[in-house]
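Reader: I'd like to go through this model with you, label by label, and hear how each one is earned. Please set the values against the cut-offs as we go.

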Amino acid sequence: MSSSTFRAGVVRTPGGPDSIEIIDLPVAEPGPGEVRVAIAAAPVNPVDLAVASGALHRIGLINQPEHTGLGWDFAGTVAAAGPGVDLAPGARVAGLIGGFDRDFGTYAEQLVVPATSVAVVPDGLDLVAASTVPLNALTAAQIVDLLGDAPADGNRLLVTGAAGAVGGYVASLAQDRGWRVTGLARAEDEEFVRGLGADFTTRAEPGWDAVADGAVMQESALALVRDGGVFVGVQPSAKLPAERGIRVDAVMVHPDGPRLAGLLVRTASGELPARVHAVVPLDQVADAHRAVAKGGLRGRYVLTP
Ligand SMILES: NC(=O)c1ccc[n+]([C@@H]2O[C@H](COP(=O)([O-])OP(=O)(O)OC[C@H]3O[C@@H](n4cnc5c(N)ncnc54)[C@H](OP(=O)(O)O)[C@@H]3O)[C@@H](O)[C@H]2O)c1
């Protein structure tokens, strides 16, 4: 990297992993309330595969004239802080950028973000592990907000995909609000799911007070909710119609630095999982996308720029 440009992974004409390009972009200085972060680690999440495939361009969620940035969450160190920001250069931070339609992302050496979107990474949590927290733990926390407090007379929550990133965090965090959690996952995930303090099943019968759909089973997961229960999905662009008196919601994650700080503390203490499958250089991003597309991984590919 020269001092005036940085490398970033983007798609110009999206068409799957091979359409990802590494380009040079000009370094920008942070404005008031912003920080420029030197990114140390950025995970590959399922949404990045959807962006690179062009699926989100085709349904009109992305309309970038030049290129679309890839990557939602990151960890790194503060390179420069704008006016009004109380973070010193060198501070270790993690954070999230939201929204699909943007020309910048976290698959990059540098990122300028609002300081309110980042949180300090506690000592003892390395930046690779920390980078896997923001998108999926915040999504889970915001799913739990949508679930609300468990009613005393109906607190049985089924979490589909409970061995996945979002589902694993929901299975853990929902217990804070009084939910009695059962995780639906593959047979080989039983130990992980039970380790979160949840019950475990590979096949769920209908009748749950609430379902959080981390596996994106959609209609078949909604069918598991009892009449008058609650369903929270993860695909707001394909939100299901309500039926049988069920309250149907779909999460759309948004950055929240203060909330993230607490989630990172709980990760550093080992209370929440941080699962890393492999660490690969940004240049190998296409291989990482191909591996994630095959499914079955139980931790993130993390890119190092
Ligand atoms: N709306 C938002 O703001 C938001 C934010 C974050 C993520 N998301 C979305 O949430 C979804 C989940 O993301 P993630 O990162 O958690 O994905 P992930 O880590 O791949 O987790 C999905 C899990 O579901 C499991 N699964 C799928 N079908 C199943 C079935 N029939 N029975 C049991 N388990 C099943 C998968 O197992 P296998 O690997 O064995 O198939 C995997 O463990 C993605 O679509 C993502 O884009 C949405």
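**From label to value**

Author: Let's start with V144, a residue of helix α4. Please keep in mind that the model is predicted.

Reader: Why is V144 called buried?

Author: Buried means a relative accessible area under 20%. V144 has 5%, so the label applies. As for its surroundings, the C-alpha atoms of V144 and L173 are 7.1 Å apart in space, although their positions lie 29 residues apart in sequence.

Reader: What makes A274 partly exposed rather than buried?

Author: The range for partly exposed runs between the 20% limit for buried and the 50% limit for exposed. A274 has a relative accessibility of 31%, so it belongs in that range. Its place is the loop between α8 (257–268) and β15 (276–281). From C-alpha to C-alpha, A274 is 6.4 Å from T132, and the two are 142 residues apart in sequence.

**Two residues of one loop**

Reader: What is unusual about the phi of V216?

Author: Most residues other than glycine have a negative phi. V216 is not a glycine, yet its phi is positive, about 55°. Q218 is also a residue other than glycine, and its phi is positive too, near 50°. V216 sits in the loop between β12 (208–213) and α7 (219–222), and Q218 lies in the loop between β12 and α7 as well.

Reader: How do you know whether V216 is buried or exposed, and what about Q218?

Author: The limits are under 20% for buried and over 50% for exposed. V216 has 35% relative accessibility, so it is partly exposed. Q218 has 11%, so it counts as buried.

**Helix α1 and its ends**

Reader: Which residues of α1 are buried, and how do you know that they are on the same side?

Author: The buried ones are V47, D48, V51 and A52. They cover an arc of only 135° around the axis, and therefore they lie on the same side of α1. The geometry of a helix helps here: an α-helix has 3.6 residues a turn, so residues three or four places apart point the same way.

Reader: What follows α1?

Author: G54 does, and its phi is positive, near 95°. G54 belongs to the loop between α1 and α2 (55–58). Its relative accessible area is 2%, so G54 is buried. By contrast with the pairs above, G54 and L158 have C-alpha atoms 32 Å apart, at a sequence separation of 104 residues.

Reader: And on the other side of α1, why is N45 called buried?

Author: N45, in the loop between β3 (34–43) and α1, has a relative accessible area of 0%, so it meets the limit for buried.

Reader: What makes the pair N45 and R300 a polar contact?

Author: A polar contact needs N or O atoms within 3.5 Å. The side chains of N45 and R300 are joined at 2.7 Å.

**Around the ligand**

Reader: Which residues come nearest to the ligand?

Author: There are 23 residues around the ligand, and V166, R186, V234, V253 and R300 come nearest. By class, this shell has 13 nonpolar, 7 polar and 3 charged residues. Three helices each supply at least two of the shell residues: α1 (46–53), α4 (134–147) and α5 (165–173).

Reader: How do you know that R186 has a polar atom at contact distance from the ligand?

Author: A polar side-chain atom of R186 is 2.9 Å from a ligand oxygen, and the limit is 3.5 Å. R298 also places a polar side-chain atom 3.0 Å from an oxygen atom of the ligand. With V251 the backbone takes part: one of its N or O atoms lies 2.9 Å from a nitrogen atom of the ligand. The ligand taken alone exposes 920 Å², and the protein buries 78% of that.

**The whole protein**

Reader: What does the protein consist of, and what makes it compact?

Author: It has 9 helices and 16 strands. Its radius of gyration is 19 Å, close to the 19 Å from the globule rule for 305 residues, so the protein is as compact as a globular protein of that length. The C-alpha trace spans about 60 × 40 × 35 Å along its principal axes. Of the 305 residues, 53% count as buried.

Methods
Residues are numbered from 1 along each chain as its sequence is written. This is a predicted model: local features need pLDDT of at least 70, side-chain atom pairs count only at pLDDT 80 or more; totals for chains, interfaces and linings use all residues. Side-chain values use heavy atoms; hydrogens and water are left out. A residue is near a molecule or strand if one of its heavy atoms lies within 4 Å of it. A polar contact is a pair of N or O atoms within 3.5 Å; within protein, one must be able to donate a hydrogen and the other to accept it, and residues adjacent in sequence count only if both atoms are side-chain atoms. Accessible areas come from the Shrake-Rupley method with a 1.4 Å probe; for residues, only the protein chains shown count as cover. Helices (H or I, at least four residues) and strands (E, at least two) are DSSP runs, numbered from the N terminus. Ala, Val, Leu, Ile, Met, Phe, Trp, Tyr, Cys and Pro count as nonpolar, Asp, Glu, Lys and Arg as charged, and the others, Gly among them, as polar. Buried means under 20% relative accessible area, exposed over 50%, partly exposed in between (1.4 Å probe, protein chains only). The arc is that of the directions from the helix axis to the C-beta atoms. The radius of gyration is taken over C-alpha atoms; the globule rule is 2.2 Å times the number of residues to the power 0.38.
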